[in-house]
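Got the model open in your viewer? Keep the selection box handy, and we'll go from stop to stop.

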Amino acid sequence: MAENGHTADLEKQMLLLQDHEEKHFMSSEMVRDIILGVSDGLTVPFALAAGLSGAEVSSSIILIAGIAEVAAGAISMGLGGYLAAKSEADHYARELKREQEEIIAVPDIEAAECAEILAQFGAEPHEYEPVVNALRRNPKAWVDFMMKFELGLEKPDPMRALQSAITIAFSYVVGGLVPLLPYMLIPVARKALIASVVVTLLALLIFGLVKGYFTGNQPFKSAFQTVLIGAIASAAAFSIAKLFQHV
């Protein structure tokens, strides 16, 4: 009878979980990579084009320099994303090996650490001791528990480094082409600059709204901050170019 009651409780819990729809946004690593790539892609080439426009060079020169910067920036940002993700994976592997060694060499100390973690969540000794004993009987689960709750580390995707590099680089190219588009269509740099400012600030506004929505922040605040950063960067580059032009 007790077993039947336990089974019924489990079935009830599963039904409750199925009926409950979580509303939380889980910001994935890919979303963060896209945000990083697009935000830098929109801002850096925009500032470069504005600076060169301030130096009164032709649209063709600005376009060549801009495309070169987008290519270099995409490679640099992509490589940076790859190395960062690879470092995280290497760090996880080192800590995993250390935890695996510790539960063999000093199991009592690791069990005490496990008990301390559970106690921090409000569990009493008579409540967490069976959990600790159950984990000691399952070394893999024990290591996973310690990695997550002691060190705060999640197992990384083995393809994460490559995916991060590609996502950031591609996002940078997409963002970087937006401020350069007017220079492809308008031969006069001054007129192209005005069009580039309008197009890029609009793109930054839309990007800020989308970023704020998906990250759970206030969309309009996020949009304002994104536009402000782009405007300041381009204005600074334009002013510096003008200043050195008259030196």
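Colour by secondary structure to start: the chain has nine helices and zero strands, where helices (H or I, at least four residues) and strands (E, at least two) are DSSP runs numbered from the N terminus. Along the sequence that reads α-α-α-α-α-α-α-α-α. Before you click further, note that this is a predicted model, in which local features need pLDDT of at least 70, side-chain atom pairs count only at pLDDT 80 or more, and totals for chains, interfaces and linings use all residues. Residues are numbered from 1 along each chain as its sequence is written, and side-chain values use heavy atoms, with hydrogens and water left out.

Now the whole chain. Of its 247 residues, 33% are buried; buried means under 20% relative accessible area, exposed over 50%, and partly exposed in between (1.4 Å probe, protein chains only). Among contacts (heavy atoms within 4.5 Å) between residues at least 6 apart in sequence, 74% join residues at least 24 apart.

**Stop 1: helix H4**

Select 107-120, which is helix H4. Put a distance between its end C-alpha atoms and you should get 20 Å, in agreement with the 20 Å expected for 14 residues at 1.5 Å a residue; the expected span is 1.5 Å times one less than the number of residues. Show side chains for Glu110, Ala111, Cys114, Ala115, Ile117 and Leu118, the buried residues of H4. They sit on the same side of H4, because they cover an arc of only 160° around the axis, the arc being that of the directions from the helix axis to the C-beta atoms. An α-helix has 3.6 residues a turn, so residues three or four places apart point the same way.

What do the buried residues of H4 pack against? Helices H3, H5 and H6. Turn to the other side of H4 for Asp108 and Gln120, which are exposed. Just after H4, click on Gly122: its phi is positive, about 95°.

**Stop 2: helix H5**

Next, select 125-136. These 12 residues form H5, and the end C-alpha atoms are 16 Å apart, matching the 16 Å expected. Tyr128, Val132 and Leu135 are buried here. Their arc around the axis is only 60°, which puts them on the same side of H5. Show H4 and H6 (139-149) as well, since both are among what covers the buried residues of H5.

**Stop 3: the largest pocket**

Select Tyr92, Ala93, Leu96, Gln100, Lys140, Val143, Asp144, Lys155 and Pro156 and turn on a surface: these residues line the largest pocket. On a 1 Å grid over the protein atoms alone, a pocket is an open set of points where a 1.4 Å probe fits, with protein on both sides within 12 Å along at least five of seven lines; lining residues have an atom within 4 Å of a point. The volume is about 180 Å³, meaning the space filled by probe spheres set on the points, with grid points joined across faces, edges and corners.

Which helix gives the most to the lining? H3, with four residues. H3 (59-105) and H6 each supply at least two.

**Stop 4: two single residues**

Stay on H6 and pick Lys148. Lys148 is partly exposed, at 42% relative accessible area. Leaving aside residues up to four places away in sequence, Lys148 touches Leu153 and Glu154.

Finish at Ser196 in helix H8 (residues 189-215). Is Ser196 buried or exposed? Buried, at 0% relative accessibility. With residues up to four places away in sequence not counted, Ser196 touches Phe46, Pro179, Pro182 and Tyr183.
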